[in-house]
Amino acid sequence: MVAFDLIFKAMKTIIPSISILIAMIGSCLGEEPAVKAPETSPEMAAVAANDRAYEAAYAKGDVKALADFYTDDVVYTDEDGNVREGKPAIEAALGSALASDKGAKLMIGLDSVRVLAPEVVVENGSTTVVSKEGESSSSLFTAIHVKKDGKWKIRQLVESPAPLTNPGGHLSELSWLIGDWNEADKEAGVTVLSHYQWARGGNFITRNVTVKREDAPVLEGWQIIGWNPVENRIRSWTFDDAGGFTEGVWSKDGESWLSREAGYAPDGSRTSADHILTKAGPDRLFWEATNRTLDGDPQPGIGRIEINRVKGE
């Protein structure tokens, strides 16, 4: 998106169909649109709110506030198998951890919340602690929450080591994109060529996009796709040769991905869009864009487009 949409406005009287082709240059990795996502249950919303409050208390080093998230009879098993019982033991462990790593920040990733009983839920997720120096360590956890006096508190917490995966490993599900892809509008004489490749080291995927009319380049764009170890999710950064740029946050649903993009056009206009890419086979994919805005004003969506791999190269 970004400057590509603006360039299209200037060119649309020359090439009527280029709107689809130009828009494709923005980040094109996505999942199903947000409108199709299931509604958040009250229990999940409450647990998510507690997670954010817990993160805030951890950042402040407030041991008392952290201990209050647990029941008096809490049982905590750390990733080494050590068991601590009761709130005083939890408070002591938290105090020791915060004292030895002052200034550290905690990020909690919520994967699921399942209702076991009207006032009992189980949460599965991950935690990442980032030290003041930037070093990080991650764990997986399962927590049983019970409702006490109208508040959800942790009754049982079990941690386990997070699997060791390098940044490139998190991108492995996108490795099928590596290679060249082509979308052509023969009537207008316009082609969009995308070349995906692994960056040296194998921890980023880069994409180069070239839009041509006949044999003359009209527009060029670049994209970097990588893993954010602090947020535990894929991000992308996209730039065009007119000076526009966007940043995308990704999530996955089956064979589809969603890249929620936000950025700026060269003139400073704010842009945003949800870009959806669906794998239809080893050599075929579909792309579309929804929720597009320019300076907050809604823009028309772009319907599903079929894109094919360039074979024999």
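## Salt bridges across the structure

In this predicted model, a search of the whole structure finds 16 salt bridges. Several of these pairs are described below, followed by a nonpolar patch on the surface.

## The pair E173 and K252

One salt bridge is formed by E173 and K252, whose closest N and O atoms are 3.5 Å apart. E173 lies in the loop between α6 (167-170) and β7 (179-185), while K252 belongs to strand β12 (residues 245-253), so this contact ties together parts that are 79 residues apart in sequence.

Both partners fall between the limits for buried and exposed residues, which are under 20% and over 50% relative accessible area. E173 has a relative accessible area of 46% and is therefore partly exposed. K252 is likewise partly exposed, because its relative accessibility is 37%.

## The pair R233 and E231

A further salt bridge joins the side chains of R233 and E231, with an N to O distance of 3.0 Å. R233 has a relative accessible area of 32%, so this residue is partly exposed. For E231 the value is 34%, which means that E231 is also classed as partly exposed.

## The pair R284 and E306

The side chains of R284 and E306 meet in a salt bridge as well, at 3.8 Å from N to O. R284 is located in strand β15 (residues 284-294) and E306 in strand β17 (residues 302-309); the pair therefore ties together parts that are 22 residues apart in sequence.

With a relative accessible area of 31%, R284 is partly exposed. E306, at 34%, is partly exposed too.

## A network of shared partners

Salt bridges may also share partners, and in this way D68, D72, K87 and K153 are joined into one network.

## A nonpolar surface patch

Which residues make the nonpolar surface patch of about 550 Å²? The patch is made by F204, W222, I224, F239, F245 and Y264. Among them, F239 is found in strand β11, which covers residues 233-240.

The relative accessibility of F239 is 37%, so F239 counts as partly exposed. Residues in such a patch must have over 30% relative accessible area and no salt bridge, and the 37% given for F239 lies above that cut-off.

Conventions
Residues numbered from 1 in each chain as written. Predicted model: local features only at pLDDT ≥ 70, side-chain atom pairs only at ≥ 80, totals over all residues. Heavy atoms only, no water. Patch = residues over 30% accessible without salt bridge, like charges linked within 9 Å, V, L, I, M, F, W, Y side chains within 5 Å. Areas by Shrake-Rupley, 256 points an atom, 1.4 Å probe, with all protein chains shown as cover. Salt bridge = Lys/Arg side-chain N within 4 Å of Asp/Glu carboxyl O. Helix = DSSP H or I, 4+ residues; strand = E, 2+ residues; numbered from the N terminus. Buried < 20%, exposed > 50% of the residue type's maximum accessible area, 1.4 Å probe, protein only.
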